[in-house]
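This report describes the surroundings of a bound ligand and its metal atom. The sequence and the model are shown first.

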Amino acid sequence: MKLKARHTFFILSALFLIYSVSIYLKPLSVNTDDRFDKTAAANGKLVWQTYNCQACHQLYGLGGYLGPDLTNILSQTGKGEALVKAMLKTGTKQMPAFQLTEKETHELIDFLKSTNASGSADPRNFENTNFGMIERYETK
Ligand code: HEC
């Protein structure tokens, strides 16, 4: 009985060592995603936070509800990078214009590329009625 317990202990120890070595032989993190630049996207998230886009816009369905969800803005038909840049430059009646630098704009776009690649917005759509109520409607 005692010998068996000792064997089990040695076998598990050996497996633990082999597993540990194999884990540490792997490179820690590799940027294999060519859909967006990871560093730029990380900086772009800070731009997003600095200018508080979240106050009015949602990502993955969460955020403020004055403006539309921007998770997939880059891949939506009729929208995309040019629209984002134009909105930032000119704004609208409801959205302020932002004086972003070229670099900030580029990084923000990369951040939106990363949200576009990692998830999808809430597929439900809402419409403001004349009485100040919100009603849901289906697009598809
Ligand atoms: C004060 C609220 C507010 C803030 C802050 C704000 N937006 Fe907006 N945004 C809006 C509203 C409202 C609209 C819809 C405008 C319209 O249709 O007139 C909009 C529209 C947009 C659109 C076009 C979306 C579409 O589907 O047509 C983009 C892109 C956009 N905003 C990007 C941003 C970014 C990026 C930031 C942060 C730098 C930001 N917005 C900050 C209110 C805001």
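## Ligand site

In this predicted model, a nitrogen atom of the ligand lies 2.7 Å from a polar side-chain atom of His57. Two further side chains, those of Lys79 and Thr92, place an N or O atom by an oxygen atom of the ligand, as listed here.

| Residue | Ligand atom | Distance |
|---|---|---|
| His57 | nitrogen | 2.7 Å |
| Lys79 | oxygen | 2.7 Å |
| Thr92 | oxygen | 3.1 Å |

The ligand is surrounded by 21 residues, of which Cys53, Cys56, His57, Lys79 and Met95 come nearest. By class, this shell holds 15 nonpolar, five polar and one charged residues. Helix H3 (residues 81–90) supplies the largest share of the shell, with four residues.

The ligand carries an iron atom, and its protein donors are NE2 of His57 and SD of Met95, at 1.9 to 2.1 Å. These two residues link distant parts of the chain, 38 residues apart. His57 sits in the loop between helix H2 (38–50) and strand S1 (58–59), whereas Met95 sits in the loop between H3 and helix H4 (102–118).

Six donor atoms surround the iron atom, and the arrangement is octahedral because the angles they subtend run from 85 to 178 degrees. For six octahedral donors, the ideal angles are 90 or 180 degrees.

Are the two protein donors of the iron atom, His57 and Met95, buried or exposed? His57 has a relative accessibility of 11%, so His57 counts as buried. Met95 is buried as well, because its relative accessible area is 17% and the cut-off for buried is under 20%.

Notes: Residues numbered from 1 in each chain as written. Predicted model: local features only at pLDDT ≥ 70, side-chain atom pairs only at ≥ 80, totals over all residues. Heavy atoms only, no water. Near = heavy atom within 4 Å. Polar contact = N/O pair within 3.5 Å; in protein donor to acceptor, adjacent residues only side chain to side chain. Nonpolar A, V, L, I, M, F, W, Y, C, P; charged D, E, K, R; others polar. Donors = N, O, S within 2.8 Å, 3.2 Å for Na, K, Ca; no water. Tetrahedral: all angles 85-135°; square planar, octahedral: opposite > 155°, others 65-115°. Buried < 20%, exposed > 50% of the residue type's maximum accessible area, 1.4 Å probe, protein only.
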